[in-house]
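User: Could you walk me through the core here, up close? Start with whatever you like on the overall chain, then zoom in.

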Amino acid sequence: MTSPRWDVVVAGAGPAGLAVAAACADRGLSVAVVAPSTRPWTHTYGLWADELATAETTLLGGAAAGARYPTTLVRTGAGDHDLRRPYARLDNELVHATLLERVRAAGGELVTGRVGQVRDGRVAVLDDGAELTGTVVVDARGGGPGTAQQRAWGERVAGPVPDVVPVGGALLMDWTALRDPADPRPPAFLYGMGLDDGTVLLEATSLAGRPPVPLPALRDRLHAHLARHGLRSVGEPEKVAIPLDARATGTGGVPVGAAAGRVHPATGYSVASSLRLGPVVADAVVGGAGPAEVAALVRSRRRRATLGLLGIGREVLLGLDEAATDRFFQAFFTLPSRAWAAYLDVDSSPAAVAAAMLRVAAALPAAGRRTLLTGVVRALRS
Ligand SMILES: Cc1cc2nc3c(=O)[nH]c(=O)nc-3n(C[C@H](O)[C@H](O)[C@H](O)COP(=O)(O)OP(=O)(O)OC[C@H]3O[C@@H](n4cnc5c(N)ncnc54)[C@H](O)[C@@H]3O)c2cc1C
């Protein structure tokens with residue numbers, strides 16, 4: 001085989017790819033990133049403020065890399081609940097530019113193109129036939145479609161809108177705002193936060209649907225809500241479709257991010273975990289691990305067991321109607337914060353996730369507990 005020109009070749013320039021590329025460049029490894037484009041990411045990426053702080057420390061050189069929301073509100077039929085865990089939003093332009101700059105500064109190469117195939121974990125074959133050989137090829141080309149998806153339709157309105165989203169805070173989920181007693185399906189919640197330009201982003205969100213909820217249904221729910229509050233939207237909508245059960249698509253190389261199937265199966269989050277994983281992958285390569293060993297680290301038995309349990313949680317949620325979903329989240333967020341936080345993190349141990357699931361079952365009223373346990377049994381059998 002041709003001797004590797006690069007230590008690491010990364011296919012894809014999303015959060016997962018650039019996190020690995022920058023962490024490798026920081027450690028003195030030679031890096032090439034191949035992607036159709038290296039424009040800044042356009043999605044609004046939310047994460048917990050503590051996760052943002054970790055990324056700032058371990059990956060972003062200590063620079064502040066996003067907006068913070070001290071209040072994180074969940075609104076259910078039981079009322080408002082401040083989670084007392086601040087939320088955050090990634091500053092895409094800054095994080096993207098910081099990561100790219102780290103790669104460039106270390107002599108890394110940015111190649112415009114598409115990787116069609118990865119051979120032997122070491123050779124990235126581009127669509128035009130060019131080959132880039134690395135000690136390790138990292139596959140960060142994003143995920144497959146899946147059958148269940150989170151969907152959301154978001155629009156911006158002039159802020160602040162204190163009766164909808166706490167001023168300076170984030171609305172993680174409001175299960176009361178979008179209710180339509182005449183049409184209770186799909187269960188949908190409102191998500192929202194203030195943006196840097198003074199507008200407030202509001203998203204009508206279907207947590208999980210199989211088949212996915214059509215975006216126009218969410219748009220209509222959002223528009224009805226805006227009309228009730230006399231709000232007018234500005235700018236372009238944000239359309240969200242996140243596959244929740246896509247299998248790992250990364251073949252042949254070291255898959256990371258959505259390509260590794262590492263999107264949270266019940267919530268669709270992956271960015272914080274991808275930013276955390278970059279340095280882990282880089283350390284393994286520096287330590288002499290080859291493609292198979294690094295891939296085994298990313299998709300270890302422990303990590304797969306956690307994803308499996310979280311997938312059961314998704315299947316349970318898929319079976320709940322609007323009222324049951326509201327009751328589920330009332331119970332979920334009354335758990336100790338360590339328990340619900342463990343469930344929301346794809347990097348938690350399987351034991352921590354299982355414990356959170358048992359606690360939420362115990363916290364539900366009898367009817368809800370029956371629904372949850374029936375769902376778990378059904379999901380385990382399927
Ligand atoms: C609108 C939206 C909002 C979201 N909001 C959140 C959120 O708030 N928080 C959160 O945690 N997650 C969120 N997600 C989910 C998920 O985290 C994102 O999808 C995230 O971008 C996944 O990161 P990634 O780097 O794994 O893949 P992607 O971001 O999909 O990046 C894939 C990269 O690979 C490149 N590529 C594709 N094909 C090839 C090829 N053949 N060769 C080379 N390169 C290729 C692409 O150009 C891109 O650069 C959101 C998703 C969407 C769609």
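Analyst: Charges first: the chain carries 40 positive and 36 negative ones, and their mean positions sit 7 Å apart. Keep in mind that this is a predicted model.

For the overall frame, the secondary structure adds up to eleven helices and 17 strands. The chain's radius of gyration is 21 Å, close to the 21 Å that the globule rule gives for 382 residues, so the chain is as compact as a globular protein of that length. Along the principal axes, the C-alpha atoms fill a box of roughly 65 × 50 × 35 Å. Of the 382 residues, 54% are buried. Looking at contacts with a separation of 6 or more, 72% are between residues 24 or more positions apart. On the outside, about 16200 Å² is exposed, with carbon and sulfur atoms supplying 54% of that area.

Now the core itself. In soluble globular proteins, nonpolar side chains tend to be buried together. Here the largest nonpolar core has 49 residues, and the members touching the most others are Val10, Leu90 and Val256. Helix 1 (residues 15-26) gives the largest share, nine residues. There's also a second, separate core of 43 residues, with Ala67, Leu207, Val346 and Leu372 among its members.

Let's stay with Leu90 for a moment. It belongs to strand 7, which runs over residues 87-90. With a relative accessible area of 4%, Leu90 falls under the 20% cut-off, so Leu90 counts as buried. Leaving out residues up to four places away in sequence, Leu90 touches Trp41, Tyr45, Leu47, Leu52, Ala65, Gly66, Val95, Val271 and Leu275. For a sense of scale, Leu90 and Leu244 are 154 residues apart in sequence, and their C-alpha atoms are 21 Å apart in space.

Val256 has its own set of neighbors. With the same sequence neighbors left out, Val256 touches Ala16, Val20, Val138, Asp139, Ala140, Leu277, Val281 and Val298.

For contrast, step back along the chain to Arg84, in the loop between strand 6 (79-82) and strand 7. Strand 7 is also where Leu90 is found. At 72% relative accessibility, Arg84 counts as exposed. Most residues other than glycine have a negative phi, yet Arg84, which isn't a glycine, has a positive phi of about 55 degrees.

Notes: Residues are numbered from 1 along each chain as its sequence is written. This is a predicted model: local features need pLDDT of at least 70, side-chain atom pairs count only at pLDDT 80 or more; totals for chains, interfaces and linings use all residues. Side-chain values use heavy atoms; hydrogens and water are left out. A nonpolar core is a set of buried Ala, Val, Leu, Ile, Met, Phe, Trp, Tyr and Cys residues joined through side-chain atoms within 4.5 Å. Buried means under 20% relative accessible area, exposed over 50%, partly exposed in between (1.4 Å probe, protein chains only). Helices (H or I, at least four residues) and strands (E, at least two) are DSSP runs, numbered from the N terminus. Contact means heavy atoms within 4.5 Å. The radius of gyration is taken over C-alpha atoms; the globule rule is 2.2 Å times the number of residues to the power 0.38. Accessible areas come from the Shrake-Rupley method with a 1.4 Å probe; for residues, only the protein chains shown count as cover. Lys and Arg count as positive and Asp and Glu as negative; His and the chain ends are not counted. The place of a charge is taken as NZ of Lys, CZ of Arg, CG of Asp or CD of Glu.
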